[in-house]
Amino acid sequence: MEREELKELEEMEGPAERAEVEERAKELFCTNRVAAHGGVHSHSNECRDGEPLISLNNITKNYGARDAEGSAVVLALKGVNLQICRGEYVAVMGSSGSGKSTLMNILGSLDLPSGGSYLFNGKDLKDFSERELARLRNREIGFVFQSFNLLAGSNALDNVALPLVYAGVPLKERRERALEALREVGLEGRAYHRPAQMSGGERQRVAIARALINKPLLILADEPTGNLDTANSIEIMRLFEKIHLSGRTLIVVTHEEEIAAFAERIIRVRDGIIVEDKILAK
Ligand SMILES: Nc1ncnc2c1ncn2[C@@H]1O[C@H](COP(=O)(O)OP(=O)(O)OP(=O)(O)O)[C@@H](O)[C@H]1O
Ligand SMILES: [Mg+2]
């Protein structure tokens with residue numbers, strides 16, 4: 001989606017257009033849309049402030065459809081039970097193919113589970129319409145991806161403001177809030193740079209500013225430092241620490257123990273189940 005399209009979106013009004021905008025928002029932020037469905041491990045922790053922000057109950061995810069030989073189904077998640085309280089900072093670890101991204105996609109409602117239930121902020125996502133799910137992704141959840149997922153033709157300011165376009169915020173306010181978000185990640189001096197004119201670390205900070213712009217309850221980051229060198233990775237983790245200290249709930253997938261050590265809880269996934277769930281002593 002380039003500048004013209006963005007402009008087009010900005011000029012749209014009325015319910016039909018809004019639905020289309022939401023559809024495009026979905027496309028933009030979806031990574032993995034495959035039809036959905038079955039193992040077991042549980043960690044139950046009481047949350048100080050009542051119900052957990054996230055409660056997964058026996059979540060399963062099967063990819064693909066059974067072929068004639070009945071061999072095409074991948075059991076990516078085999079019964080995940082997980083509760084995460086508001087304000088927690090959780091790292092998700094596990095080898096390649098263990099199901100981390102599948103889990104993150106379900107947590108972000110980018111994909112539906114094949115079985116089990118998911119309660120977000122006390123509400124069962126099964127009861128949500130597509131429209132309500134799109135709204136949830138736009139307002140309550142901020143996404144950060146390994147490959148940044150920025151619009152190449154838009155500058156940092158417009159990239160950061162994008163979720164506000166979908167939220168129907170007027171242009172002037174969008175610009176102000178995007179600039180403020182860029183300031184928070186130390187990039188106000190790069191507001192008019194396009195992604196190609198920024199370093200990898202800067203691009204990821206723009207993506208984080210975009211994830212924060214709607215003040216979401218939850219930030220999901222799937223290998224946010226996977227494309228960065230050590231110095232930039234540390235910079236990004238400092239930023240996540242700041243976000244955590246401001247009270248947000250953070251879930252970060254990583255392959256690196258040093259990155260996971262920034263979190264206060266580590267969950268390990270193996271072959272579609274949670275095999276370890278531990279609180280780090282700080
Ligand atoms: N869209 C898909 N269609 C079919 N199978 C899939 C799909 N996405 C993932 N899988 C399979 O599901 C399993 C879990 O994949 P997932 O992407 O969740 O792993 P991961 O832990 O994130 O791995 P990595 O560390 O390499 O990112 C793998 O066996 C993978 O091949
Ligand atoms: Mg992955």
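The protein contains 9 helices and 10 strands. The model is predicted. Of its 282 residues, 40% count as buried.

Strand β7 (residues 218–222) belongs to the covered part of the structure, with 5 of its 5 residues buried. Burial applies to both faces of the strand: L218, L220 and D222 lie on one side, and I219 and A221 on the other. Two strands pair with β7. Strand β6 (residues 141–145) pairs with β7 in the parallel sense over 5 bridges, and within this pairing I141 has L218 of β7 as its bridge partner. Strand β8 (residues 249–253) also runs parallel to β7 and is joined to β7 by 5 bridges. In this second pairing, D222 stands opposite V253 of β8. D222 is thus named both among the buried residues of β7 and in the bridging to β8. Helix α8 (residues 230–245) completes a β-α-β unit with β7 and β8, and this unit is right-handed.

The surroundings of ligand 1 comprise 14 residues, of which Y63, S96, K100, S101 and T102 come nearest. Two elements, β2 (74–84) and α3 (100–107), each supply two or more residues to this shell. The largest contribution is that of α3, with 3 residues. By residue class, the shell divides into 9 polar, 4 nonpolar and 1 charged.

Helix α3 is mostly covered, as 8 of its 8 residues are buried. The buried residues of α3 are K100, S101, T102, L103, M104, N105, I106 and L107. K100, S101 and T102 therefore combine burial within α3 with a place among the residues that come nearest to ligand 1, where burial requires 20 or more other C-beta atoms within 10 Å. The residue S109, which follows α3, has a positive phi near 55 degrees.

T102, located in helix α3, was examined further. T102 counts as buried because 23 other C-beta atoms lie within 10 Å, against a cut-off of 20 or more. When neighbours within four places in sequence are left aside, T102 is in contact with K61, A76 and L77. For one of these contacts, K61, the separation from T102 is 41 residues in sequence, while the C-alpha to C-alpha separation in space is 7.8 Å.

Positive phi values also occur at N58 and D271, neither of which is a glycine. For N58, phi is near 50 degrees. N58 is found in strand β1, which spans residues 54–63. N58 counts as partly exposed because its C-beta neighbours inside 10 Å number 17, a value that falls between the cut-off for exposed residues, 12 or fewer, and that for buried residues, 20 or more. For D271, phi is about 50 degrees. D271 is placed in the loop between β9 (265–270) and β10 (273–279), whereas N58 is in a strand. D271 is likewise partly exposed, because 15 other C-beta atoms lie within 10 Å.

How values were computed
Residues numbered from 1 in each chain as written. Chains lettered and ligands numbered in written order. Predicted model: local features only at pLDDT ≥ 70, side-chain atom pairs only at ≥ 80, totals over all residues. Near = placed C-beta within 6 Å. Helix = DSSP H or I, 4+ residues; strand = E, 2+ residues; numbered from the N terminus. Nonpolar A, V, L, I, M, F, W, Y, C, P; charged D, E, K, R; others polar. Contact = placed C-beta atoms within 7 Å. Pairing = 2+ DSSP bridges. Right-handed = clockwise from strand over helix to strand, strands pointing away.
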